[in-house]
Amino acid sequence: MLLRSTFLIIWGSLLPAVVFCSSSQLTADEPSPVCEQITDPHLPNAFRLHDRVISGGQPDGAAGFRALKQLGIRTVISVDGLKPDVETARTFGLRYVHLPHGYDDVPEDRALELAKAVSSLPGPVYVHCHHGKHRSPAAAAVACIRAGLIPQESGPAILKIAGTSPKYAGLYQAVSRTQKMERSRLDSITVQFRESVKLPPAVELMTQIGQTFEHLEQIAAAGWKPPASHPDLVPAHEALMLKEHFTEFQRVPSVSQRSVQFRQLLAESQQHADRLETLLASSGKRPIVAESRDEAAAELAAVRARCSSCHQKFRD
């Protein structure tokens, strides 16, 4: 069955943009995706796939979890590698479930757990990764298709609506191959859902590198000083943390088994982070002098380039 997606955008000073997926070929008893965009500054890239399921980015602190509460969310599912903020979620009466996966696929066992989660845990459910553009829409689409909440044909369109990059071919393939499960089989699956799971050291360090790099991008955008939205960030300290994350990454036993090119990219990233930390070390919370800003930007760009190259070759 072919799904014809139509898009209806409603403009208004007080109304969020809404996109609806529909198909005239769906019968009355078949599921239909909602695809309603949710505009909230504390819930990045959030949109509703189904009455029970919303996909988006990591909730922005207490304000983000408060927004989820106002949306009626009861369960929060993280597919990100970062340890979930279980304590803050609890203060708003929200349950956390940690089901992380990578950018290259939604493995079969994880797909089953996600389908079980969206169909059996208290809903509505909010599925998130870090930014809400790649892993969480893929996870949410796989879960909803498997659980029979939305039709299989809607999966790729959902990823496009979410802005999932085509370079993550594994995520598109995971969604495209997913099929609805028989309800009896889904009901028979037993899953022990946990608030937080321990990840391999390399995965944890990659997550920490990503978070610290994002902090440094905010600092750079603020003129190499603590950004107004995040005044607790100390430029030199964040650069030091980035350097240390790369240093620790090279000490992980499994890294010695990786290719020479992988290890070279890791070592070069550590060297550029080291030079960035040196540039920022003398300034403390003050912005660095004008002549050093271009140099600092170049070092950060060099780290970004090596991370992008590494992701393209070894992760995506």
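## The chain overall

Of the 316 residues in this chain, 49% count as buried. Keep in mind that this is a predicted model. The secondary structure adds up to eleven helices and six strands.

Looking at contacts with a separation of 6 or more, 64% come from residues 24 or more positions apart. On the outside, the accessible surface is about 15400 Å², and carbon and sulfur atoms own 52% of that.

## A hole inside

How many cavities of 30 Å³ or more turn up? The count is one cavity, and its volume is about 50 Å³. Its lining is made up of Val106, Glu108, Ala111, Val142, Arg146, Ala174, Arg177 and Thr178. Three helices each give two or more residues to that lining: α3 (108-120), α4 (135-146) and α6 (169-177).

What is the lining like by class? You get four nonpolar residues, one polar and three charged.

## The aromatic pair

Now for the rings. A pair of aromatic rings is described by how far apart the centres lie and by the angle of the planes. Searching the whole structure gives one such pair. The partners are Phe65 and Tyr96, sitting edge-to-face at 6.0 Å centre to centre with 75° between the planes. Phe65 belongs to helix α1 (residues 61-70) and Tyr96 to strand β5 (residues 95-98), so the pair links distant parts of the chain, 31 residues apart.

Are the two partners buried or exposed? Phe65 is buried, because its relative accessible area is 1%, and Tyr96 is buried too, at 3% relative accessibility. Both values fall under the 20% cut-off for buried.

Terms used:
Residues are numbered from 1 along each chain as its sequence is written. This is a predicted model: local features need pLDDT of at least 70, side-chain atom pairs count only at pLDDT 80 or more; totals for chains, interfaces and linings use all residues. Side-chain values use heavy atoms; hydrogens and water are left out. Helices (H or I, at least four residues) and strands (E, at least two) are DSSP runs, numbered from the N terminus. Buried means under 20% relative accessible area, exposed over 50%, partly exposed in between (1.4 Å probe, protein chains only). Contact means heavy atoms within 4.5 Å. Accessible areas come from the Shrake-Rupley method with a 1.4 Å probe; for residues, only the protein chains shown count as cover. On a 1 Å grid over the protein atoms alone, a cavity is a set of points where a 1.4 Å probe fits but cannot get out, and a pocket is an open set with protein on both sides within 12 Å along at least five of seven lines; lining residues have an atom within 4 Å of a point. Grid points are joined across faces, edges and corners, and a volume is the space filled by probe spheres set on the points. Ala, Val, Leu, Ile, Met, Phe, Trp, Tyr, Cys and Pro count as nonpolar, Asp, Glu, Lys and Arg as charged, and the others, Gly among them, as polar. Rings of Phe, Tyr and Trp (its six-membered ring) pair if their centres lie within 6.5 Å; planes under 30 degrees apart count as stacked, over 60 as edge-to-face and the rest as tilted.
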